[in-house]
Each structure stands twice: as structure tokens, then as C-alpha cells.
Amino acid sequence: MKLEFDIASGDFSKAGRASSRIKKMLKQLQVDPKVIKRIVVAIYEAEVNVVAHSVGGKMLAEIDGTGITVIVQDNGPGIEDIEKAMQEGYSTASKAVRNMGFGAGMGLPNINRNTDEFTIESELGVGTVLTFRNNF
Amino acid sequence: MTLTVTEEEVEMKVSELVEKFGLKVFSGESGLENEISGGYVSDLLSDVMGNAQEGEVWITLQTHQNVMAIASLKELAAVILVKGFEPEEDTLERSNEEGIPVLGTDKATFEMAGNLYITLT
């Protein structure tokens with residue numbers, strides 16, 4: 001089963017749409033609530049990252065019999081220093097975004113902590129691709 | 001108001017909390033019978049996303065609708081806005097849809113959290 005979502009830059013009102021839809025679907029499929037709780041944290045954080053930091057992108061979620069794989073791809077600007085971005089507390093978010101309570105530098109660490117497999121690739125001027133998976 | 005004490009834990013519903021502290025109910029009335037498992041205090045959304053637990057009451061000063069996105073994903077019992085802050089319109093709508101009450105108090109975070117802590121432990 002495949003689900004695709006467009007994620008627009010700057011539109012915080014839509015952040016949470018993909019995670020909410022996927023959560024409902026996993027519940028219907030009677031996936032273990034513990035698995036659902038972890039994956040929705042990762043998906044929400046990934047959505048917010050695309051909204052807050054990129055020019056826009058999309059999310060592709062694929063559910064199979066053994067787990068869920070999520071690919072989040074944006075169209076730039078790319079992350080300059082992935083190692084720094086992965087550090088808890090490091091953020092390049094704008095003041096306006098921070099005032100909303102985002103940009104605490106916990107997004108990528110939250111994704112890492114709440115997934116079974118996680119990779120991040122980024123190229124400046126091109127974009128960032130996150131791939132993560134949780135097994136049922 | 002009834003308080004049932006079992007195995008050292010106080011069980012409480014959102015409606016009882018509303019009554020006890022005279023909280024304003026902005027929205028999400030259908031969730032007033034939600035059981036409270038504890039509380040979490042933070043204005044950083046990722047902190048709540050990463051650390052709050054199902055059934056907790058979230059005390060915050062953030063009023064925008066992402067608060068409800070998080071409350072829903074984490075299956076929180078209710079949200080309490082402090083210092084007289086009021087929720088934005090789309091926050092109210094989302095709260096009603098999800099059945100997660102948004103409550104309000106004029107108290108500051110420290111006092112509200114202290115009251116909740118004493119009540120629940």
C-alpha cells in the first residue's frame with residue numbers, strides 16, 4: 001500500500017496531515033500501538049522539517065506486511081552540515097519558526113530515536129532525502 | 001467530585017480537573033471524560049512530540065493549531081493554555097474534531113503545573 005503527500009514550504013497549518021492520515025491507516029490495519037506511536041513522531045518531525053526548512057517536497061509512505069517505509073524528499077536548499085544537523089539542540093530555524101515552538105534542534109534526533117532504520121542524504125543546491133523504516 | 005485512589009495512583013478525568021481549578025473550556029467538550037494519566041509542560045513542540053505520553057495533560061503557552069496536531073498524534077487527554085492565552089480559530093476547530101479539550105487558566109505555568117502535580121500524585 002502506497003501513500004503520497006505533497007508538502008508545501010512554510011505552510012505550518014498542513015504539517016501533521018501526513019502523519020495523521022498514516023496513523024489512521026495503521027490503526028485500521030491493527031498495527032501494534034507501540035509501533036504506531038514511534039512512527040508518527042518520525043513522520044510528523046519530517047513533515048515539519050520540509051515545511052520549515054525547504055522550498056517544498058513530498059513524502060512517500062509504503063506499508064507492507066512487515067513494516068512501513070517512509071521516504072521524504074525535498075527540492076532544496078540542502079543541509080550544509082548533516083553531522084551538526086543531527087546534533088540535539090542544533091537548529092538553523094528562523095526566529096518566527098522558533099517562536100511557534102519549532103526549531104529546538106530536536107527534529108532529526110527524534111526521527112533517529114523513533115525509527116528502526118534511518119538514513120539521511122543531502123546535497124547543497126539539490127535537496128535532502130530521508131529514508132526511514134519501522135518494522136511491525 | 002469523586003476521586004478514586006487505586007495502587008497509589010489518582011485517577012482523574014479532564015472534567016474533574018476543569019471543576020477543581022475553574023478552568024475555561026474553549027473547545028473539545030466531547031473529550032471532557034478523557035482519563036488523565038499525568039502531565040507534561042513544554043513550549044517546544046518537538047520536546048512534547050518526543051517525550052509526552054498518552055493520556056497526559058499538556059500545559060503550554062503555544063496557541064496555534066500545531067498544538068492540536070501534536071495532542072492528537074500523541075493522544076493527549078487535554079491541553080491547558082496558561083496566562084489567559086486564547087486558542088486560534090483553527091486550533092478550536094481541530095480540538096473539536098479530535099475531541100481533545102483546549103482549556104484555559106489565568107495562572108502562570110509554574111502555578112498551574114504545581115497544582116496539577118499535587119493533584120495527580
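Which strands of chain B does helix α4 (residues 89-98) of chain B lie across?

## Helices on the sheet

Let's take that one straight away: α4 of chain B lies across β3 and β8 of chain B. Its direction is at about 90 degrees to β3(B). Keep in mind that this is a predicted model.

Then there's helix α5 of chain B, residues 109-120, which also packs on the sheet. Here the strands touched are β5, β6 (56-60) and β7 of chain B. Against β5(B), the direction of α5(B) makes about 160 degrees.

## The sheet itself

So what are these helices sitting on? In chain B, five strands make up an open sheet, and reading across you get β3-β8-β7-β6-β5, with mixed pairing. At the edges are β3 (24-27) and β5 (38-41) of chain B, each with a pairing partner on one side only. Going from one strand to the next, the twist averages 30 degrees.

Zoom in on β7 (residues 78-81) and β8 (residues 102-104) of chain B: they pair in the parallel sense, over three bridges. If you want a spot to click on, try V79(B), whose bridge partner in β8(B) is V102(B).

## Where chain B meets chain A

Over at the interface, 15 residues of chain B are in contact with 18 residues of chain A. On the chain B side, α2 (45-51) and α3 (66-73) each supply at least two residues. The most comes from α2(B), which gives five residues.

As for chemistry, the side of chain B that touches chain A is a mix: five nonpolar residues, seven polar and three charged.

Conventions: Residues numbered from 1 in each chain as written. Chains lettered and ligands numbered in written order. Predicted model: local features only at pLDDT ≥ 70, side-chain atom pairs only at ≥ 80, totals over all residues. Contact = placed C-beta atoms within 7 Å. Helix = DSSP H or I, 4+ residues; strand = E, 2+ residues; numbered from the N terminus. Nonpolar A, V, L, I, M, F, W, Y, C, P; charged D, E, K, R; others polar. Pairing = 2+ DSSP bridges. Axes fitted to C-alpha atoms, helices over the stretch in contact; angles between N-to-C directions.
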